[in-house]
Amino acid sequence: MGGQQSSLEIMEKVIITGANGFVGSNLVRKLLSKKIRVIAIDLPNATSNLDLSNELLTFIPLDIKDIECLKTKEICHGSDVFFHFAWRGSAGELRKDATAQLSNAQATAACVEIASEIGCQKIVVAGSIAEFEAQQAIYTDEILPNESYIYGLGKSIAHSLAKIKAATHKIDFVWIYITNIYGPGEKSPRLINNSLRKIINSEKLEFSTATNLYDFIYIDDAIEAITLVGEKGMNNVSYLIGSSYPKVLRDFLLDMIKALNYKGEYNFGAIHSSGIALSKEYFDNSKIRSLGFKDKFTFKDGIIKTYKWWQEEIKND
């Protein structure tokens with residue numbers, strides 16, 4: 001399957017690891033709505049976001065470190081696409097845990113091998129734009145990188161290992177660089193979520209200078225893009241999952257404040273940040289647009305929807 005070609009146009013059966021997570025569960029719902037059979041893989045107690053009554057959904061309780069068990073599951077054999085989203089420590093303090101991140105990288109490489117052995121045509125793996133930040137922090141002279149780059153480095157190592165394994169095992173390989181996906185259902189301690197909770201609770205907002213380029217993509221748009229990659233993504237091509245409308249983070253945050261009519265106090269520069277400033281070309285999503293992707297949600301639209309969801313969550317706590 002070498003060369004840059006699309007291996008399929010129609011997905012009939014797929015495997016999704018990390019299926020109960022924010023991105024994974026939304027992808028499960030999207031594909032089920034398209035009448036695609038989904039084999040969902042996650043930890044035994046991770047089913048809260050899955051509709052187990054759907055006859056097209058098969059849930060396999062499995063720790064990703066035991067992915068070899070899929071070889072004994074007849075239903076997994078002959079799947080069209082293997083979507084790999086399972087990743088321990090994508091948010092919070094575990095982003096700084098080298099052991100956890102290296103374990104994720106090894107598990108990713110193992111998933112490529114297993115996907116090939118059970119006859120999948122293609123594997124799509126979730127990477128991160130943080131890979132570019134980590135590489136610049138590590139390989140640029142005179143920069144003193146801190147532990148916050150370990151997550152991006154873990155993704156970068158996973159990318160390298162997985163690509164080599166895919167070439168060795170002759171399976172189509174597609175890597176996606178995720179920028180910042182947000183929306184209802186995502187509860188991690190990320191910037192958007194923390195800010196929305198503070199706005200709802202009438203707390204003061206404190207930010208860094210927020211002068212680095214950023215990009216955000218609403219969950220529904222992100223899932224549409226990922227689905228297109230599964231169907232049409234080219235072998236050995238990487239796709240950026242983003243809006244393609246990057247701007248400095250400060251402008252996004254001011255747009256949020258304006259959209260929600262927040263009248264409280266906010267302060268830029270209150271928090272120290274040593275982040276790497278990526279240039280605009282890193283946010284180019286022309287490849288995903290070439291597959292037919294068109295975003296439907298502006299940042300304002302997405303923020304208002306996410307804010308309303310958070311209001312209900314906090315009210316019901």
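Let's start at a salt bridge: Lys-315 pairs with Glu-312, and their closest N and O atoms sit 3.2 Å apart. Both residues belong to helix H9 (residues 299-316), where they are 3 residues apart, or about one turn of the helix. Keep in mind that this is a predicted model. From that helix we'll move on to other charged pairs, then the sheet, the cores and one buried loop residue.

**Charged pairs**

- As background, side chains of opposite charge can pair when their charged atoms come close.
- How exposed are the two partners in H9? Lys-315 counts as exposed because its relative accessibility is 57%, while Glu-312 has a relative accessible area of 38% and so is partly exposed.
- Elsewhere, Lys-204, Glu-206 and Glu-265 are joined into one network by salt bridges that share partners.
- Glu-117 and Lys-71 also meet through their side chains, in a salt bridge of 3.4 Å from N to O. Glu-117 is in helix H2 (residues 98-117) and Lys-71 is in the loop between E3 and E4, so this pair ties together parts that are 46 residues apart in sequence.
- Glu-117 has a relative accessible area of 42%, so it is partly exposed. Lys-71, with 37%, is partly exposed too.
- Lys-65 makes a salt bridge with Asp-66, with 3.6 Å between the closest N and O atoms. Lys-65 is exposed because its relative accessibility is 63%, whereas Asp-66 comes out at 32% and so is partly exposed.
- How many salt bridges are there? The count comes to 12 salt bridges.

**The sheet**

- Now for the strands: 7 of them form an open sheet, with parallel pairing, in the order E3-E2-E1-E4-E5-E6-E11.
- At the edges are strand E3 (57-61) and strand E11 (237-241), each of which pairs on one side only.
- From one strand to the next, the twist averages 20°.
- E5 and E6 run parallel and are joined by 7 bridges. Here Ser-128 stands opposite Ile-178 of E6.
- Strand E6 (residues 172-178) also pairs with E11, again in the parallel sense, over 5 bridges.
- Two pairs of facing residues help you find your way between E6 and E11: Val-174 has Val-237 of E11 as its bridge partner, and Trp-175 stands opposite Ser-238 of E11.

**A closer look at E6 and its cover**

- Is E6 mostly covered or mostly open? E6 is mostly covered, with 7 of its 7 residues buried.
- Its side chains split between two directions: Asp-172, Val-174, Ile-176 and Ile-178 point one way, while Phe-173, Trp-175 and Tyr-177 point the other way. Whichever way they point, all of these residues are buried.
- Helix H6 (residues 219-232) lies across E6 and E11, and also across strand E4 (81-84) and strand E5 (122-128). H6 runs at about 145° to E5.

**The nonpolar cores**

- The largest nonpolar core has 61 residues. Which residues have the most contacts inside it? They are Ile-16, Phe-83 and Ile-176.
- H6 gives this core its largest share, 7 residues.
- There is also a second, separate core of 40 residues, with Leu-62, Val-112, Ala-166 and Phe-283 among them.
- Back in the largest core, what does Ile-176 touch? Setting aside residues up to four places away in sequence, its contacts include Phe-85, Val-124, Val-125, Ala-126, Gly-127 and Ser-128. Ile-176 also touches Ile-226, Val-229, Tyr-239 and Ile-241.

**A buried loop residue**

- Where does Asn-20 lie? Asn-20 is in the loop between strand E1 (13-17) and helix H1 (22-33).
- Asn-20 counts as buried because its relative accessibility is 11%, and buried means under 20% relative accessible area.
- A polar atom of the Asn-20 side chain lies 2.7 Å from the backbone nitrogen of Asn-49.
- Leaving aside neighbours within four places in sequence, Asn-20 is in contact with Ser-25, Asp-42, Ala-46, Thr-47, Ser-48, Asn-49 and Leu-50.

Definitions and conventions:
Residues numbered from 1 in each chain as written. Predicted model: local features only at pLDDT ≥ 70, side-chain atom pairs only at ≥ 80, totals over all residues. Heavy atoms only, no water. Pairing = 2+ DSSP bridges. Helix = DSSP H or I, 4+ residues; strand = E, 2+ residues; numbered from the N terminus. Axes fitted to C-alpha atoms, helices over the stretch in contact; angles between N-to-C directions. Contact = heavy atoms within 4.5 Å. Buried < 20%, exposed > 50% of the residue type's maximum accessible area, 1.4 Å probe, protein only. Core = buried A, V, L, I, M, F, W, Y, C linked by side-chain atoms within 4.5 Å. Polar contact = N/O pair within 3.5 Å; in protein donor to acceptor, adjacent residues only side chain to side chain. Salt bridge = Lys/Arg side-chain N within 4 Å of Asp/Glu carboxyl O.
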